[in-house]
Amino acid sequence: MIEIRDLDKRYGDFHVLKRCSTSVAKGEVVVVCGPSGSGKSTLIKCVNGLEPFDSGTITVDGISVGDRRTDLPKLRARIGMVFQNFELYPHMTVTRNICLAQEKVLGRSRDEAEAKAASLLARVGLSDQAHKHPGQLSGGQQQRVAIARALAMDPIAMLFDEPTSALDPEMISEVLDVMVELAQEGMTMMVVTHEMGFARKVAGRVVFMDCGEIVEDADTASFFGSPRSPRAQAFLSKILDHV
Amino acid sequence: MSFDLGVILDALPFLAQGLGLSLLLTVLAAAGGIVLAVLLALMRLSGFRALRLVSAAYVNFFRSMPLILVIFWFFFLVPLIIGRPVGGFYSALIAFTLFEAAYYSEIVRAGIQSVSKGQVAAAYATGMRYGATMRFVVLPQAFRNMTPVLLTQAIILFQDTSLVFVVSLRDFMTASTIVARNEGRLVEMYVFAAAVYFVICFSGSMWVRRLQRKHAT
Amino acid sequence: MSYNWNWGVLLQDPYLGWLISGVGWTLAVSAAAWVIAFALGSIVGVARTLPNRFVRGAATAFVELFRNIPLLVQLFLWYFVVPELLPEDWGRWVKRDLPLPEYTTAVVGLGFYTASRVAEQVRSGIESIPRGQTLAGYASGLTTGQLYRYILLPVGYRLIIPPLTSEFLTIFKNSSLALTIGVLELTAQSRQITEYTFQGFEAFTAATVIYVVITLSVTAAMGLVERRARMPGFIAGGR
């Protein structure tokens, strides 16, 4: 589904991504983790072309992201994305947030879009918040709306960029529960996160990044059981101490 | 039609005198305006309701008036109050100072508010009183923060001084117009005047931007 | 100080009529110039945020040019210089057949000058929207045009309602400069009354009160607009 080959990117002197290669198969959940500044957010933003890259290739469902002839808006419409800071549109109600791209990008009718929004809001447990504005919701509620907004496009894959990092601790699980459910239904997911419990539970593979490199790319059991690189060992021991 | 540079060259000394008056008016009105503005800002932020109201009324009053009307007012008023004709320059200087103070005071107020409350608390904790706290702790930091904005406002003030044209005070704009009409060369003179103002204001604002960047780092 | 008060002069014919007509011209110049300033300023402001370097450069040049020359000089350029520089036929048309030449020139001059200031507000409004909003819009498949239409402009304009209000009030006050090319707006009329009657106090007070009242009304009205356009729970720069 998602193929990343030799991805390389620099910001001036700073080498953000160093020949990264990995892939996500259809129906697979891949967790990307690593210390902050390791390039994992940049990597996931390259997948739907939000970040340009210097060399290497990314294909999603056989379509090359870096190819200038690729219709990027059309491709992005098929990939859902959830951001660290939710990025709901502050001037629209929850329902309008979920309907905007359905109507303007997919060309769905208003009724159709709103019906879809209603069923997705029910699914993330927020039917009663449909007419509020994002600023009136808690962080956890906002992030669940953001997930519903992405799902409304019937995506072939979902990208999560640190979806729980901006949340207060008591709200993390309500968002993770939705994500776990999604994974169990067979959604193809690429998730940048520090939530190792989530990784253990649903991830098929874990990719560990440090200083712009993919240091380790292993199935979940062996990543947690016997990480090969010292850097991954150090990272895990730091993070797992607190769980 | 041909562009006659000779007219401009011949008139240069006369124009330079006009420009001198524009710059002098700018510097004096900016200095006076800032002093008055600090007073207005401190009143606006003080604990006394009456002082706050007076300051707010002053600022809102002058900010809702066109500068030209203020200039007319003072050209009419100042000789009347003093009881004898004074030069137009002083009337203009008073008008600009009082008018600009209203705009400067909003900048100064924002500058004072940008200094954290902790600074005031720390100064009071060492036993300083209001005057000393403002003078040695708050205002120095506030001025550091607001220097670029104050300078930008001074550039606007410099542009505004061209309005003394309406009372025929001989600034750069009036001088340009006199030459333009005497020689029948309106195109040359107004293009030249625009160019001079542009060069001064544009380089001024570039300098302010550089200052701002240096400030930020 | 000796002065003969005579407030009655303001109600005498023809002076009352002069004041009323002055207010009419002031409003007519301000409103028409605001249409130009808002439309042109929005286009230029948006252009300054676009990815294309040439579009951005042209928009920046526009802003720098119009904001670094005093408005009075710009009015004189439009009035005395531009007709001379136009192709001969156009120049002749502008000088002979342009309807209400002083009014039209004042509107265009004031409109272009204020457009450069509106453009800066529009640009800063758009730039103050967190970058994540743009990414979220693109991620859901919106094109750049749709992104501006549905997200950046609706949010951006809401954020800049207060500065846009003060730009409108600036145009309203700056419309007094139209008197320099012969438009008899409010300030010009108050001075004319002073010259005819020597009752400067009364005439200037009348003009001052009218300016203050209109300014306060506009401010109050825009306060209402701002409340209606409020985005519930959203605090600018809150995160």
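Which residue lies over the face of A:Tyr89? In this predicted model, that residue is A:Arg149, at 4.6 Å from the ring centre. A second arrangement of this kind is found in chain A, where the charged end of A:Arg200 sits over the ring of A:Phe224. The distance from the centre of the A:Phe224 ring is 4.6 Å.

Chain A also contains helix α1, which covers residues 40-47 and is mostly covered. Of the 8 residues in this helix, 7 are buried. The buried residues of α1(A) include A:Leu43, A:Ile44 and A:Val47, and A:Lys40 and A:Lys45 are likewise on the list. A:Thr42 and A:Cys46 complete the buried set of α1(A). After the helix comes A:Gly49, which has a positive phi, near 75 degrees.

The contacts between chains were examined next. There are 2 pairs of chains that touch, and the pair with the most contacts is formed by chains B and C. Chains A and B, by contrast, are joined by no contact. The closest C-alpha atoms of chain A and chain B lie 20 Å apart.

Chain C has 10 helices and 0 strands, so that its pattern along the sequence reads α-α-α-α-α-α-α-α-α-α. The C-alpha trace of chain C spans about 70 × 50 × 30 Å along its principal axes. Of the 239 residues in chain C, 53% are buried. Among the contacts of chain C with a separation of 6 or more, 78% are between residues 24 or more positions apart. The accessible surface of this chain amounts to about 11,100 Å², and carbon and sulfur atoms contribute 64% of that area. Chain C carries 18 positive and 14 negative charges, and the mean positions of the two sets are 17 Å apart.

Aromatic rings were then considered. A pair of aromatic rings is described by the distance of the centres and the angle of the planes. Over all chains, the count comes to 33 aromatic pairs. One of them is formed by B:Phe76 and C:Phe201, with 5.6 Å from centre to centre and 85 degrees between the planes, an edge-to-face arrangement. This pair crosses between chains: B:Phe76 belongs to helix α3 (residues 67-82) of chain B, and C:Phe201 to helix α10 (residues 200-228) of chain C. B:Phe76 counts as buried because its relative accessibility is 17%, under the cut-off of 20%. C:Phe201 is also buried, with a relative accessible area of 14%.

Another pair lies within chain C. The ring centres of C:Phe76 and C:Phe80 are 5.4 Å apart and the planes stand at 85 degrees, so this pair is edge-to-face. Both residues are in helix α3 (residues 71-85) of chain C, with a spacing of 4 residues, about one turn of the helix. C:Phe76 counts as buried, at 0% relative accessibility, whereas C:Phe80 is partly exposed because its relative accessible area is 22%.

The rings of the pair between chains B and C also belong to one aromatic cluster, which includes B:Phe76 and C:Phe201. From chain B, the cluster further contains B:Phe72 and B:Trp73. From chain C, the other members are C:Trp5, C:Trp7 and C:Phe204.

Conventions: Residues numbered from 1 in each chain as written. Chains lettered and ligands numbered in written order. Predicted model: local features only at pLDDT ≥ 70, side-chain atom pairs only at ≥ 80, totals over all residues. Heavy atoms only, no water. Helix = DSSP H or I, 4+ residues; strand = E, 2+ residues; numbered from the N terminus. Buried < 20%, exposed > 50% of the residue type's maximum accessible area, 1.4 Å probe, protein only. Contact = heavy atoms within 4.5 Å. Areas by Shrake-Rupley, 256 points an atom, 1.4 Å probe, with all protein chains shown as cover. Lys, Arg positive; Asp, Glu negative; His and termini not counted. Charge placed at Lys NZ, Arg CZ, Asp CG, Glu CD. Phe/Tyr/Trp six-rings, centres within 6.5 Å; stacked < 30°, edge-to-face > 60°. Lys NZ or Arg CZ within 6 Å of the ring centre and 35° of its normal.
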